[in-house]
Amino acid sequence: MTDRNATDVTTDVRTHASPAPAAAGVPAGPEPSSPLPYMAQNGSPVATIATLGQFEGQSVRLRGWLYNLRESGKLVFPIFRDGTGTVQGVAHVKGIPAEVFNTLKGLTQESSVIVTGKVRADQRAPGGYELDVEDVEVIQRVPESDPYPISLKDHGVDFLMEHRHLWVRSPRQSAILRIRAEIMRAAAEYFDQNGFIRTDPPILTPAACEGTSTLFPVDYFGDPAFLTQSGQLYIESTALALGKVYSFGPTFRAEKSKTRRHLTEFWMIEPEVAYCDLDGLLALAENFLSHIVQSVLKNRSPELAVIGRDRAKLEAILPPFPRLRYDDAVEMLNQAHKDGHLEQKFEYGNDFGSPDETWLSSQFDRPVMVNRYPADVKAFYMEPDPIDPRLALCVDVLAPEGYGEIIGGSQRVSSYELLSARIEQHKLPRQAFEWYLDLRRYGSVPHSGFGMGIERAVAWICGLDHVRETIPFARTLHRIYP
Ligand code: 4AD
Ligand code: MG
């Protein structure tokens, strides 16, 4: 047992073996099947907690941190975490050298350690295995005088958000971030496997896409510019070049709303398809969402267990999804008001408020696709319904269990004259939209697309109360630290 610093660990890894060559694609699935060929000096292979099952009966080295420690007389039970999971170690005073036992006994929470131990199957253990500890190397010991600030007792959310840089280490928060990564991977995979080309739009833009009231201004060498609210306008251009495209990146809204659904910086994935109408878009949305949810079920099972998510609710997410016209949704809301389920009476012609969306989405066991809202409450670029031009050919997909809108999309105005008039009506700066009008001057076609906010999707799939836990560092009305 030795005390070493982190630099030595890096050296150790490099001198013993070079990492496996990177595979062409990101591996699908929970963990690469083997963390080898890293070998420790004493011959024990370096394992990760998620892959312990491959090493049953063998000694392995785990590189991680002390999550918690229980002591009971002659026994200590350190719980280790390494980013892939947690595992309980067991050490008996008589089973290991006295100095190893004493090091373990006084170990402080979140000290970094490389622990050697024998993997033993145990049905009662959450991951199915325990570690009979043989040796421990302390890489950095957290001093008693300045202990890790997040203890295992309950802290308020404000305290945890203030310590978000450490809070992400908790098993629950790590599990959520792993599920988030899988949602992003599966979302991109769906488009990659279905003939879409990724074309990312600029983040610095000269004009609004989703209304001028939520723009973040930037000084662009003396000229005004804004952080993008959506890549849509730009991917309409690349869709007319490439047919089926998508973009995936950060988007910004200077939202003054302080709700559990709003961030000022969030990630959006947006497909855009030439020669696609609203019906085609609805089919795309339901297949896309099902693929994501089924991928999470398949590849992030242990993480769903850590956060206690009800799998049955997710297993139901298969096509077809219900389609509901705005008019019919309004009738449901009126009925709910009559029956005393909703406080406020809904006024026909408005956009839905949070309580309305919550009610509507809790009436279905899969996402409901609300379509054909009044054009007046929706964006300038939406194509009117030819059967009733007061309505827009648009859709909001509301996630079940009361989660509300996770996707917004529409068929786009394809006529030059109409788009030009809309830009005027909405008092948008025409010059900034000349290039966008070009898309209707030269080979305009019916085309459609949508945007899904990753954090809303993560909140729903993980069953979380608030979007602040769905992103590594949330940006909200009152928070830009850490
Ligand atoms: O409905 P939105 O505003 O639609 C658009 O931006 C379209 N231009 C997208 C398109 O058609 N390509 O936003 C799309 C989605 C919402 O359904 C929601 O999931 C998410 O983006 N979103 C937010 N997520 C977190 N915080 C906010 N402030 C959000 N605003 C929108
Ligand atoms: Mg919307």
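This report walks through a predicted protein model, from its overall build to its sheets, one helix and the ligand shell.

## Before we start

The model is predicted, so local features need pLDDT of at least 70 and side-chain atom pairs count only at pLDDT 80 or more, while totals for chains, interfaces and linings use all residues. Residues are numbered from 1 along each chain as its sequence is written, and chains are lettered from A and ligands numbered from 1 in the order in which they are written.

## The chain as a whole

The protein chain has 14 helices and 19 strands. Here helices (H or I, at least four residues) and strands (E, at least two) are DSSP runs, numbered from the N terminus. The C-alpha trace spans about 85 × 55 × 40 Å along its principal axes. There are two domains, domain 1 (6–148) and domain 2 (164–469), with bounds that come from an automatic or database domain assignment. Their C-alpha centres lie 42 Å apart.

Of the 482 residues, 37% count as buried. Buried means that 20 or more other C-beta atoms lie within 10 Å of the residue's own; exposed means 12 or fewer, partly exposed is in between, and C-beta atoms are placed from the backbone. Two residues are in contact if their C-beta atoms, placed from the backbone, lie within 7 Å. Among contacts with a separation of 6 or more, 65% come from residues 24 or more positions apart.

## The eight-stranded sheet

Let's look at an open sheet of eight strands, with the order β7-β11-β12-β19-β18-β17-β14-β13 and mixed pairing. Two strands pair if DSSP finds at least two bridges between them. At the edges stand β7 (197–198) and β13 (323–325), each pairing on one side only. Helix α10 (residues 326–338) packs on the sheet and touches β13 and β14 (368–371). The direction of α10 makes about 80° with that of β13; axes are lines fitted to C-alpha atoms, for helices over the stretch in contact, and angles run from 0 to 180 degrees between N-to-C directions.

Strands β17 (residues 394–399) and β18 run antiparallel and are joined by six bridges. One residue to find is A399, whose bridge partner in β18 is G404.

## A three-stranded sheet

Another open sheet has three strands in the order β8-β10-β9, with antiparallel pairing. β8 (204–205) and β9 are its edges and have a single partner strand each, so one side of each is left without a neighbour in the sheet. Strand β9 (residues 216–220) is hardly covered, with zero buried residues among its five.

Five bridges join β9 to β10 (residues 223–227). In β10, P217 has F226 as its bridge partner, and D219 stands opposite P224. The hairpin has two residues between the strands, and F221 takes a positive phi near 50° there.

## Helix α6

In helix α6 (residues 232–242), the buried residues are Q232, L233, Y234, I235, E236, T238 and A239. They pack against β11 (244–252), β12, α13 (434–441) and β19. Just after α6, G243 takes a positive phi of about 95°.

## Around the ligand

Which residues are closest to ligand 1? They are S230, Q232, G408, G451 and G453, out of 23 that surround the ligand. A residue counts as near if its C-beta atom, placed from the backbone, lies within 6 Å.

At least two shell residues each come from β12 (265–274), β18 (404–411), β19 (447–453) and α14 (454–462). The shell divides into eight nonpolar, eight polar and seven charged residues. Ala, Val, Leu, Ile, Met, Phe, Trp, Tyr, Cys and Pro count as nonpolar, Asp, Glu, Lys and Arg as charged, and the others, Gly among them, as polar.
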